[in-house]
Amino acid sequence: MTNIKDPKKYEVIGTRPLRPDGTDKVTGRAIYGGDFEMTGLIHGKIFRSPHPHARIKSINYDKALELEGVIAVVTADDLPVNPVGNIAIGYSRGNILAKDKVLYVGHAIAGVAATDPHIAEEALNLIEVDYELLSAAMNVEEAMDSSSQRIHENSFMKEFGEMTTTNNNIDEHFQHKMGNVDKGFDNADLIVEGKYSTVMVHQGYIEPQAATALWRADGSLTVWNSTQGSFPDRDELSNILDIPISKIKVVPLEIGGGFGGKIPIYQEPVAALLSKKAGKPVKIIMSRKEVFESTGPTPGGYTWVKIGVKNDGKITAMQSELAFEAGAYPGSPVGMGSLCVFAAYKCDNQLVDGYDVIVNKPKTAAYRAPGSPNAAFATEQVIDEISQKLGIDPIDFRMMNAISEGDRRVDGPKFPVNGLKQVLESMKNSPQYQKKLEGPNKGRGIAVGYWFNVGLQSSCSITVNTDGSVNLIEGSTDIGGSRASIAMQAAETLEIAYESVNPSIVDTSTVGYTAVTGGSRTTFSTGYAAHLAAEDVRDQMIKRASEIWGVSNDSVVYSKGQFSSNADPELNMSFKKLASQLEKTGGSIAGNGSINPKKVGGSFSGSICDLEIDPDTGKSTILDFTAIQDAGKAIHPSYVEGQMQGGSAQGIGWALNEEYFYDQNGIMNNSSLLDYRMPTSLDLPDINTIIVEVPDPSHPYGVRGVGEANIVPPTPAIANAMKRATGKRFYNLPMNPPAVISKLNQDS
Amino acid sequence: MAKVFIPALLHTFTRNVSQIDVEGNNVRTVINNLDMEFPGIKSKLVEGHQIKPSISVAVDGNITPMGLLEEVGEQSEVHFLPAISGG
Amino acid sequence: MKYVDYERPTSLKSALDILSEKGDVTKVLAGGTDILVKLRVRREQPDLLMDSKEIPELNELSFNPDTGLTIGAAVPLYKLYADADVKKHYPALVDSTTIIGGIPIQGRATLGGNLCNAAPSADAIPTLIVLGATATIQSSGNTREVSVSEFCTGPGSNVLKSNEILVTINVPAPADNSAAHYMRFIPRNEMDIAVVGVGSYVKLNASGDKFESVNVSLASVAPTPLNVTEISEFLSGKDVNDENIEKAGQLAKEASKPISDMRGTAEYRQHLCSVLTKRSINKSIERIKGA
Amino acid sequence: MSKKVHVQTKINGEDVEFLCEPRQSLLECLRDVIGMTGTKEGCNDGNCGACTVILEGRTVTSCLVLGVEVDGKELTTIEGIADGDKLHPIQTAFLENAALQCGICTPGFIIATKSLLDHNPDPSEYEIRWWLANNLCRCTGYDKIVRAVQDSAKKIKAQAGG
C-alpha cells in the first residue's frame with residue numbers, strides 16, 4: 001500500500017495548469033466522432049420503429065436498394081445467428097437491429113448506406129415494414145400489472161441470479177436485509193413514509209453519437225468513434241459481430257460529452273455490417289431525435305421509503321422499495337439505487353427491495369451515479385420531513401445519523417474511511433447556509449448524496465525523450481480534462497514539470513486494457529496506473545545512474561528532478577541530463593503501469609439551494625446554489641469544480657423542467673432540444689463550490705472520483721426548498737410550473 | 001475462520017442464518033465448506049469453476065475481480081453481492 | 001430533406017412572375033428559421049425555394065408620424081428592434097421580437113416569416129393584432145390589404161394564395177395616451193415557445209382614469225392567435241381599476257380554447273391567460289403613465 | 001438529378017468557392033463540402049448553438065442557413081478567430097478559466113462571445129447570460145464560461161491599451 005505523500009509538499013498536484021488538448025479545442029481543430037474523414041467514405045442512416053411494441057411480420061427494402069446512390073442495406077438477418085439458450089447475446093444484438101419484435105419507438109430495424117446522407121435518408125422512406133401491433137407498457141406500474149402484455153414472452157423474474165417461476169415484466173428482484181425492520185419500527189416514536197416518482201430523463205450531451213467503421217477484405221474491422229470506452233466497445237463489437245478481438249481496433253476520437261450515455265454502442269455494429277457489404281468505410285451520425293429516442297436515457301420509476309426515528313432523532317429502522325424502468329431490455333440501475341438509497345445513514349435495521357422492470361422504452365444506460373439520484377429524491381425528502389417534525393436543523397439531524405468508517409452498508413460490507421461528516425460540516429459553515437433567507441415564496445433546501453465509485457482496470461506506459469520530457473500513453477477517453485489530471489500525477493511522481501509530460505490517448509492496439517471512462521474512475525484508476533508507470537521509469541533511471549556512476553543502486557537518491565549518490569557527494573545529475581545520455585548508456589527507457597484497484601473510496605456530496613416561487617405562474621428561480629463534495633485530493637481543482645458545477649446544473653434541470661413527455665400512443669413528443677428543456681445560461685445562478693478533502697488511503701495521492709456524486713443531491717435539495725417555499729411536499733418530478741400551480745391549488 | 005454473510009435472497013436456503021463462520025484460506029475453499037453446512041448453496045454461487053457472472057464477491061469490503069482465487073484471511077469478512085456495472 | 005431548387009429574385013416583379021408560374025410548388029424563404037425545420041421533417045415538400053431577401057420592397061423599414069410604421073416582410077428581427085423609431089413608438093414590437101428564438105435566430109428570422117408561419121404560439125402576431133396592423137399582399141397585377149387579425153387561418157396556415165407574397169406589414173401611427181405591451185410565459189428563461197403569450201393595447205382618456213379602447217390578443221390558446229373582442233367591448237369606457245382588470249383576465253380565460261401538450265395542460269394555460277392578461281394590461285397602463 | 005449551385009463567399013477573410021445542392025445547410029457545406037469541421041452540429045434545428053458562425057456581422061445558427069444563401073456574403077468561423085498561431089484573448093481566457101470540459105460547445109461559445117464583445121465591450125453578467133442563452137452546454141453549468149467571458153472583456157481592453 002503506497003503511503004500518501006504529505007499533501008502540503010506537492011509540486012504539481014493542486015495547481016491549475018492549462019490542459020494539453022486545450023488549444024485544438026478552442027481553435028476548432030480537435031477531431032470529434034462526426035469530424036472524421038476518409039477516402040471513399042459513404043454515409044449511413046438507420047430505419048427505426050414508429051411503434052412502441054409490435055411484431056415484425058416482413059421487411060422489404062428492394063425499392064430502397066434501387067434508389068440511385070444507395071449502396072447497401074442491412075437488417076437483423078445480417079447479424080450472426082443467436083446460439084440457442086443464450087438470452088444475453090440475443091438481447092445485445094436485439095437492441096442493435098430488432099429481430100422479430102420492435103420493443104420501443106426508435107428501435108433500429110435496418111441500416112442504409114449511400115453516397116451522401118440525404119440519399120440515405122430518402123432511402124429510409126422506401127423501406128416497407130409490416131407490423132402486428134401489440135399493447136405497450138409505458139411505466140413501471142403498467143408493466144408490473146400482471147395483466148400487462150409480456151414484452152419478453154419467455155423470461156422469468158430472477159432473484160440473485162436464480163430464475164424464479166414468476167413470468168411478468170420484472171426481470172430481476174434485488175433484496176438487501178440487515179437486522180429486523182419490524183422490530184426497529186416497533187420502538188420508533190415517529191414514522192414517516194412516502195412514495196416518490198421520477199420520469200425518464202436524458203444525459204443531454206451536445207454531441208450526438210457518431211462513428212465510422214471500415215471492415216476490410218482481410219476481415220479486420222477498425223472503428224473511429226466518440227466513446228467513453230474504446231476497449232469495452234471492442235469487446236462488445238466482438239460479442240455482437242462474433243469476430244475475434246484480435247481483428248478489431250477501436251480508435252477513440254474526441255468525445256463531446258457522455259455522462260454514461262456513450263458507454264454502450266448503438267450504430268457501430270450497423271456501420272460495420274454496411275461497410276462489409278459495401279466494401280467502403282461507413283460513417284453514421286445520429287440526429288438529435290435519435291439521441292433522445294434510440295440511445296440510453298436514465299429510468300423513471302418510483303422509490304418508496306419508510307423511516308422510523310426516536311424523539312431524540314436517532315433512526316431505528318429504514319425500509320425502501322424501488323422499481324425502475326429497465327427499458328426494452330433488462331439492466332436498469334435499480335441495483336445501484338438499492339445500494340445508495342440509505343448509504344448516508346447509520347441504522348442496524350434496514351430492508352431494501354429493488355425491481356428491474358421491462359417497459360416499452362429505450363434500454364436505459366448509465367447517467368452519472370445511475371439510480372442514486374432517483375433514490376435520493378425519496379430518502380432526502382423523508383429525512384427532511386422528519387427533521388421538520390422533530391424541529392431539528394436538517395444538517396444537524398443528518399450529522400446525528402451520519403455513517404462513519406466501519407458502519408455497515410445495507411448490502412453488508414463495512415464503509416471505508418469517508419468524508420460525509422466533513423461534507424456536512426462544510427455545508428453548515430458555508431456562506432450560503434450562514435446567510436439568512438427571508439421573504440414570502442422563498443425556501444432553502446439541503447440534501448446529501450452518495451456514489452460508491454469503481455476501480456476497474458487501467459494501463460499506462462511512459463517513454464523518456466532525450467530532452468527529459470516524457471510521453472504518457474493512456475487509454476482513457478478525456479471528457480472533462482482528465483488528460484491534465486492524469487499527467488499531473490505522473491509529473492508529481494517523476495518530480496518533473498507538468499509541461500514535460502505529453503499525454504496522448506491512443507487506440508486499443510497501442511496501450512494495455514483500459515476500462516470505461518465512467519464510474520468516476522478515470523482520474524482515480526488511470527491516474528494510479530500513470531503513477532505506477534512513473535515509478536517504473538524512476539526506478540529504471542535510478543538503476544541507469546548507478547551504472548553510469550559505478551555506485552550501488554541503493555546509494556542513488558532521486559529528489560526534485562536531481563539524481564545524487566550517498567556514496568559520493570560530487571555525483572549529481574538532473575533527470576534532463578540523464579535522459580539525454582540514455583541511448584549511449586544502454587538504450588531508451590520505458591515504464592509500464594497496470595492496476596485494477598481492489599479498494600475504492602466512495603464520494604459524498606451535498607447541495608444547498610435557495611429558490612423563489614412566482615405563485616401566479618408556478619415558475620421557480622434558483623437564487624443561490626452551493627455544491628459541496630469530498631474529492632479526497634483535488635488533483636486539478638478547476639476541473640473538480642467543473643464536475644461539481646456540471647452535476648449541479650444537470651440536477652437542477654432534472655428537478656425543474658426535464659422529462660420524456662409521452663403521448664397516449666407511447667410516442668415521445670419532445671425529442672428536440674427546444675421542448676426537452678435543459679437549463680440555459682440564463683436559467684442558472686453562479687454555482688458556488690466547496691471542495692472537501694478527506695484522502696482515500698487506497699490511492700497514492702488520496703484521490704476520490706468526483707465525476708458522479710454531485711448529481712445526486714440537487715433534485716431532493718430543490719424539492720426540500722420547494723416545501724419551504726410552498727408548504728407542499730413534491731412526490732413527482734419534474735417540479736415544473738404546471739406542477740407547482742396544481743400543487744398550490746390543491747386545497748386552496 | 002472467515003465470517004461469511006448470506007445474501008438476503010438466500011436466507012430461505014440457510015434456515016434464515018444470515019451470518020456464519022467458515023474455514024477457508026480462499027473463496028473457493030470457503031464456498032466448499034459453506035456447501036457442507038448448507039448443501040446446494042454452491043450451485044447458487046458458482047457456475048463451472050467460476051463465480052456466477054451475476055454475482056460479485058467482496059472480501060473485507062473490497063469487490064475482487066479474482067473471484068474464487070481471492071485469498072481470505074483469518075479475520076476476513078466475505079460478502080456475496082449482486083454484480084453491478086460502473087456508473 | 002427532399003431535393004429542392006433555389007432562386008433569388010432581385011425585383012418584386014420577377015418574384016411575382018415566379019409565383020404566378022409555379023406558386024403551388026414554391027415556398028417563399030425569408031429568414032428560414034421556421035421553414036428549414038419544417039422541410040427537414042417533411043411537413044412541407046416544395047420543389048422550389050424562392051429567397052425573398054433581395055427584393056427591395058420587402059426590405060423597407062420606415063416610420064411616418066401620420067401613417068405609421070412600414071415593415072418589409074424580409075426585414076430581420078435584429079434590424080427591427082434596433083430601429084430608433086420602433087424602440088420609441090412601438091415598444092411592444094420590441095417586447096415580442098427580442099424573445100423570438102435567441103440572438104442567432106433573430107439574426108435571420110423576420111417579422112414577415114413569423115406572421116406567414118402562422119404558429120398559434122407566434123410571439124409577434126398578438127402584438128400586431130392589438131396594434132391594428134395590416135398586411136400588404138401582392139400577386140401579379142393585384143394588391144390587397146388584410147388585417148393581421150384575419151391573416152392566420154389555422155395552425156401553420158394563412159390567407160396567402162399560391163401566387164401571392166407578403167410585401168409589408170403596416171402598423172398605424174400610435175395614438176396619444178396609448179401604449180401596448182407583449183409578454184409570454186415560458187418554463188425556461190430563454191430559448192422556449194410561449195406556453196401562453198399576451199399582447200395588450202390600451203388607450204386611456206385624457207385624465208387617464210378611464211379606458212377609451214383596449215385590445216388583447218392571446219398566443220398558444222387557440223388554433224390561431226386569438227383576438228379577445230369581449231375584453232375590448234367590456235373595458236371601453238370603464239374605470240381603470242383592479243376590479244375591471246381582474247374581469248378582463250377572467251374574460252381572457254373564458255375566451256381561450258387551449259389544448260394540453262408537452263408545454264402545458266389546458267387548465268394551466270387557462271390559469272395563465274388570466275394572470276398574464278392582467279399583468280400585460282397593467283404594463284401597458286404603466287407605459288402610458290411613464291411616457 | 002440533383003443540380004448543384006456555384007457559391008462564392010469569403011470565409012475568415014479568404015475567398016472560398018464551392019458547389020452545393022440548395023438543400024445543404026451552411027453548416028453541412030462548411031463541414032462536409034469545404035472540410036472546415038471546427039463548427040459543430042448538436043441538433044440541426046437551431047436549438048443548441050454549437051453551429052454558431054458570424055454571417056455579415058451577426059451570429060447565426062449555420063444549421064438554419066442554406067449554403068446557397070451565403071453567395072456573395074462574408075463569414076467568420078472558429079477557424080478564423082486566432083491570429084495565425086497567436087490565440088485570441090477569448091480563446092486564452094476560455095483555457096485559463098477551464099471554461100470547457102468536453103469542448104464540443106466551445107467553438108459556438110467563442111464565436112458568440114466575440115460577437116457579444118464586439119457589440120458590447122463591457123457586458124454585465126445578466127447581459128452575458130442573455131446573449132449566450134442560445135448556446136447550450138451540458139458539462140460546465142456555465143459558471144466558468146461566464147467568468148471566461150468577463151476575463152475576455154478585460155484582456156481585450158488591456159490589449160487595446162484601454
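**Exercise 1. Determine how many residues of domain 1 of chain D are in contact with how many residues of domain 2 of chain D, and describe the side that domain 1 presents.**

*Solution.* The model is predicted: local features need pLDDT of at least 70, side-chain atom pairs count only at pLDDT 80 or more, and totals for chains, interfaces and linings use all residues. Residues are numbered from 1 along each chain as its sequence is written, while chains are lettered from A and ligands numbered from 1 in the order in which they are written.

Step 1. Domain 1 of chain D covers 5-80 and domain 2 covers 89-159; such bounds come from an automatic or database domain assignment. The centres of the two domains, taken over C-alpha atoms, are separated by 21 Å.

Step 2. Two residues are in contact if their C-beta atoms, placed from the backbone, lie within 7 Å. By this criterion, 13 residues of domain 1 of chain D are in contact with 11 residues of domain 2 of chain D.

Step 3. Helices (H or I, at least four residues) and strands (E, at least two) are DSSP runs, numbered from the N terminus. Strand E3 (residues 52-55) of chain D provides three residues, the largest share of the side of domain 1 that touches domain 2.

Step 4. Ala, Val, Leu, Ile, Met, Phe, Trp, Tyr, Cys and Pro count as nonpolar, Asp, Glu, Lys and Arg as charged, and the others, Gly among them, as polar. The side of domain 1 of chain D that touches domain 2 of chain D then divides into six nonpolar, six polar and one charged residue.

**Exercise 2. Identify which of the four pairs of chains that touch has the most contacts, and analyse what chain D supplies to it.**

*Solution.* Step 1. The pair with the most contacts is that of chains A and D. In this pair, 43 residues of chain D are in contact with 43 residues of chain A.

Step 2. At least two residues each of the side of chain D that touches chain A come from helices H2 (89-96), H3 (106-119), H4 (125-131) and H5 (143-159) of chain D. H2(D) gives the most, with four residues.

Step 3. Sorted by class, the side of chain D that touches chain A holds 22 nonpolar, 12 polar and nine charged residues.

Step 4. Chains B and D do not touch, and their nearest C-alpha atoms are 16 Å apart. No contact joins chains B and C either; their closest C-alpha atoms lie 29 Å apart.

**Exercise 3. Describe how helix H15 (residues 482-494) of chain A is oriented relative to helix H16 (residues 522-549) of chain A.**

*Solution.* Step 1. Two packed helices are described by the angle between their axes and the distance between the axes. Axes are lines fitted to C-alpha atoms, for helices over the stretch in contact, and angles run from 0 to 180 degrees between N-to-C directions. The axes of H15(A) and H16(A) come within 8 Å and cross at roughly 30°.

Step 2. Angles under 35 degrees count as roughly parallel, over 145 as roughly antiparallel, 65 to 115 as roughly perpendicular and the rest as oblique. H15(A) and H16(A) are therefore roughly parallel to each other.

Step 3. A crossing is left-handed if the near helix is turned anticlockwise from the far one by less than a right angle, and right-handed if clockwise. H15(A) passes H16(A) in a right-handed crossing.

Step 4. Among the residues that make the contact are Ser485(A) and Ile486(A) of H15(A), and Ala530(A) and His531(A) of H16(A). The contact has seven nonpolar, nine polar and two charged residues.

**Exercise 4. Describe how helices H11 (residues 242-255) and H12 (residues 266-290) of chain C pack.**

*Solution.* Step 1. The axes of H11(C) and H12(C) are 8 Å apart, at an angle of about 140°. The two helices are therefore oblique to each other.

Step 2. Their crossing is right-handed. Residues in the contact include Ile245(C) and Glu246(C) of H11(C), together with Gln270(C) and Cys273(C) of H12(C). By class, five nonpolar, six polar and three charged residues take part.

**Exercise 5. Establish whether Ser92(A) is buried or exposed.**

*Solution.* Step 1. Ser92(A) is found in helix H3 (residues 87-96) of chain A.

Step 2. A residue is buried if 20 or more other C-beta atoms lie within 10 Å of its own, exposed if 12 or fewer, and partly exposed in between, with C-beta atoms placed from the backbone. Ser92(A) has 20 other C-beta atoms within 10 Å and is therefore buried.

Step 3. Leaving aside neighbours within four places in sequence, Ser92(A) is in contact with Asn239(A) and Ile240(A).
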